[in-house]
Amino acid sequence: MDRSSLGVEFTIKVPEAAERVTMLGVGDRNLKIIREALGVRVLAREGTVQVSGERDGVIAARGVLERLAAAALRSESLSRQQVIDLVGRAATGGSFHNGDGDHTEFSGPPWEAELDVYVGGQRVRPKTPNQQAYMDAMRDHDLVFGIGPAGTGKTYLAVAAAVHMLKHARTKKVILCRPAVEAGERLGFLPGDMQAKVNPYLRPLLDALNDMMDFATIKRFMMSDVVEVIPLAYMRGRTLNNSVIILDEAQNTTRGQMQMFLTRMGHGSKMIVTGDTTQVDLPDQAESGLIDAARRLRRIRGIAFCTLDQSDIVRHRLVQKIVEAYGDSGGPPGGDRTRGVDRADHADGHPALVERPRRRGRAAEKSASADEPEPPGRDA
């Protein structure tokens, strides 16, 4: 199915007084041009303009309206012919450029207060302060690392943010991926084609997606390549523009895989990396790409590191007690996989995880345990 036939909508704020006329034109002339040329529905009321219709038309209308809004802020009034030319370039997939020659990206945050995503009739929203900080980081940064134990909503909230951005035409594509690493077992060769072989590894991402979108919509999006659910290995060699890319179970990436994944990021894209450093399934846990990335990237501005803890677990009430019990007893068999990891201040005020030299001997182990910091109340 042609991806242009997928219906979406978006809303943009309109300035007041003279700037409103500059943006929309006398008698909303510019809106009429957009409506007729792009075949979209346009509704202006209460200081906003709402556009809905087929995907490509809505995305083109968004580009035109944001260009008009930027011109209005500069008190630059465009003639009728200039608006027609602008709409024509948008309709044919042409690019807008600012004065420096860079591509114009979406203005403003991808959402305001809450996500427009519902599960079972209830809006998806953060339930703890740390989850709220995580949501704010995803809204305000192009690269976000969400690190925490099972059940804290790392992946679920990331998928919800991606669905919201897709629904409101703030992105053209959503890509969900995971490394195909077995959790301490050797399953051998799985039957079926490529999709059947990797489906068990990708099932958790599909479960979250199925909660937020109906099956027919998911199938339509996947057939038209608007949504991809793929193993990490298939990311090599790609450049992903105007996309939301989520990497789940990132603790099971190697250093090379993490570098490969992060360098797929193109213009207008947002990356969200989630993982739990207590559940590393690699033969050598020191090779975890998640811990290595946190150490290397912690000082780079524009990258957010968010840490969630046991208090953020929103699954069955017993899950929190189970996580606490394993934490108190030194972690899963084979030792605590977070040992040798400290927190460090991030350049934007976010904490990062950094490796510290391993200590030897019982006395050193006891000292290292005493030195471990308490979980923060809010990390983003």
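## Strand β9 and its partners

Strands β7 and β9 run parallel to each other and are joined over 5 bridges. If you look along this pair, you will find Val174 standing opposite Val244 in β9. Keep in mind as you explore that this is a predicted model. Strand β9 also pairs with strand β10 (residues 270–275), again in parallel, through 4 bridges. Here Leu247 faces Val273 in β10.

Is β9 enclosed or open to the outside? Strand β9 covers residues 243–247, and 5 of its 5 residues are buried, so the strand is largely enclosed by the rest of the structure. Both of its faces are covered. Ser243, Ile245 and Leu247 are buried on one side, while Val244 and Ile246 are buried on the other.

## The whole sheet

Now let us step back from β9 to the sheet around it. The sheet is open and is made of 6 strands, in the order β8-β7-β9-β10-β6-β11, with parallel pairing. Which strands form its edges? They are β8 (227–231) and β11 (303–307), each of which pairs on one side only. From one strand to the next, the twist averages 15°.

At the β8 edge, the partner is strand β7 (residues 173–178), and these two strands pair in the parallel sense over 5 bridges. Along this pair, Arg178 stands opposite Pro231 in β8.

## Helices α9 and α10

Next come the helices. Two packed helices are described by the angle between their axes and the distance between the axes. For helix α9 (residues 255–262) and helix α10 (residues 289–297), the axes come within 8 Å and cross at roughly 60°. The two helices are therefore oblique to each other, and their crossing is right-handed.

Which residues meet where these helices touch? Helix α9 brings Arg255, Met258 and Leu262, and α10 brings Gly289, Leu290, Asp292, Ala293 and Leu297. Sorted by class, the residues of this contact are 5 nonpolar, 1 polar and 2 charged.

## Helices α3 and α4

A second helix pair is worth finding too. Helix α3 (residues 55–73) packs against helix α4 (residues 80–91) at an angle of about 145°, and their axes are 8 Å apart. The crossing of α3 and α4 is right-handed.

In this contact, Ala60, Val64, Arg67 and Leu68 of α3 meet Val83, Leu86, Val87, Ala90 and Ala91 of α4. The contact of α3 with α4 has 8 nonpolar residues, 1 charged residue and no polar ones.

## Val8 and the start of α3

Our last stop links a strand with the helix we have just met. Val8 lies in strand β1 (residues 7–13), and Asp56 lies in helix α3. How far apart are Val8 and Asp56 in sequence and in space? They are separated by 48 residues in sequence and by 9.1 Å in space, C-alpha to C-alpha. Val8 and Glu54 are 46 residues apart in sequence, with 6.3 Å between their C-alpha atoms.

Are these residues buried or exposed? Val8 has a relative accessible area of 8%, so it is buried. Asp56 has 42% relative accessibility and therefore counts as partly exposed. Leaving aside residues up to four places away in sequence, Val8 touches Val51, Ser52, Gly53, Arg55, Val58, Leu166, Lys167 and Ala169.

Technical notes: Residues are numbered from 1 along each chain as its sequence is written. This is a predicted model: local features need pLDDT of at least 70, side-chain atom pairs count only at pLDDT 80 or more; totals for chains, interfaces and linings use all residues. Side-chain values use heavy atoms; hydrogens and water are left out. Axes are lines fitted to C-alpha atoms, for helices over the stretch in contact, and angles run from 0 to 180 degrees between N-to-C directions. Angles under 35 degrees count as roughly parallel, over 145 as roughly antiparallel, 65 to 115 as roughly perpendicular and the rest as oblique. A crossing is left-handed if the near helix is turned anticlockwise from the far one by less than a right angle, and right-handed if clockwise. Contact means heavy atoms within 4.5 Å. Ala, Val, Leu, Ile, Met, Phe, Trp, Tyr, Cys and Pro count as nonpolar, Asp, Glu, Lys and Arg as charged, and the others, Gly among them, as polar. Two strands pair if DSSP finds at least two bridges between them. Buried means under 20% relative accessible area, exposed over 50%, partly exposed in between (1.4 Å probe, protein chains only).
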